[in-house]
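Student: Could we go through this structure together and ask, for each label we attach to a residue, what justifies the label?

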Amino acid sequence: DDDQELLSVYRSEVDQSGSLDSARDAYMGTFSSAEDWAEEYLIDSGMLSEVPENLRNYIDFEAYARDAGYGGISFVNHDGSVWVFSA
């Protein structure tokens with residue numbers, strides 16, 4: 001059932017001819033907002049730890065998410081959440 005929903009969202013918003021495997025490969029998770037994805041991504045990737053502690057509050061996660069969208073990340077609003085897919 002979850003796979004069916006994943007494939008449906010992926011095909012309708014990202015790649016109309018995509019397969020379940022390509023949807024699974026591209027799926028990065030479901031978040032409450034694109035900004036939440038950006039913050040979690042920067043933490044998980046270790047990039048945020050490279051920023052001095054006293055400057056971390058100045059990071060614009062909304063802008064980072066917007067720019068990631070220009071770089072191939074797809075943010076899909078679905079059922080009150082943001083589903084994130086890589087290019």
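The dialogue below takes up charged contacts, exposure and strand pairing in turn.

Tutor: Keep in mind throughout that this is a predicted model.

Student: What makes the contact between Arg-24 and Asp-3 a salt bridge?

Tutor: The closest N and O atoms of Arg-24 and Asp-3 are 2.5 Å apart, and the rule asks for a side-chain nitrogen of Lys or Arg within 4 Å of a carboxyl oxygen of Asp or Glu, so the pair qualifies. The contact links distant parts of the chain, since Arg-24 belongs to helix α2 (residues 20-26) and Asp-3 to helix α1 (residues 2-13), with their positions 21 residues apart in numbering. Asp-3 and Arg-24 are also joined with Asp-21 in a network of salt bridges.

Student: Why is Arg-24 called partly exposed?

Tutor: Its relative accessible area is 41%, and because buried means under 20% and exposed means over 50%, a value in between is called partly exposed. Asp-3, at 34% relative accessibility, receives that label by the corresponding argument.

Student: How do you know that Arg-66 and Asp-67 form a salt bridge?

Tutor: For Arg-66 and Asp-67 the closest N and O atoms lie 3.6 Å apart, and the cut-off is within 4 Å, so the contact is counted. By this rule the count comes to four salt bridges.

Student: What are the exposure labels of the two residues in the salt bridge of Arg-56 and Glu-53?

Tutor: The side chains of Arg-56 and Glu-53 meet at 3.2 Å, N to O. Arg-56 has a relative accessible area of 25% and is therefore partly exposed, whereas Glu-53, at 60%, counts as exposed, because the limit for that label is over 50%.

Student: What makes Asp-36, Glu-39, Glu-40 and Asp-44 a negative surface patch?

Tutor: Asp and Glu count as negative, and a patch takes residues with over 30% relative accessible area and no salt bridge, joining like charges within 9 Å. Glu-40 illustrates the accessibility condition, because its 38% is over that 30% limit. Glu-40 lies in helix α3 (residues 34-45), and together with Asp-36, Glu-39 and Asp-44 it forms the patch.

Student: How do you know that strands β2 and β3 pair?

Tutor: Strand β2 (residues 74-78) and strand β3 (residues 81-85) share five bridges in the antiparallel sense, and pairing requires at least two, so the criterion is met. Phe-75, for instance, has Val-84 in β3 as its bridge partner. In the hairpin of β2 and β3, two residues stand between the strands, and Asp-79 takes a positive phi near 50°.

Definitions and conventions. Residues are numbered from 1 along each chain as its sequence is written. This is a predicted model: local features need pLDDT of at least 70, side-chain atom pairs count only at pLDDT 80 or more; totals for chains, interfaces and linings use all residues. Side-chain values use heavy atoms; hydrogens and water are left out. Patches are made of residues with over 30% relative accessible area and no salt bridge: like charges are joined within 9 Å, nonpolar side chains (Val, Leu, Ile, Met, Phe, Trp, Tyr) within 5 Å. Accessible areas come from the Shrake-Rupley method with a 1.4 Å probe; for residues, only the protein chains shown count as cover. The place of a charge is taken as NZ of Lys, CZ of Arg, CG of Asp or CD of Glu. Helices (H or I, at least four residues) and strands (E, at least two) are DSSP runs, numbered from the N terminus. Buried means under 20% relative accessible area, exposed over 50%, partly exposed in between (1.4 Å probe, protein chains only).
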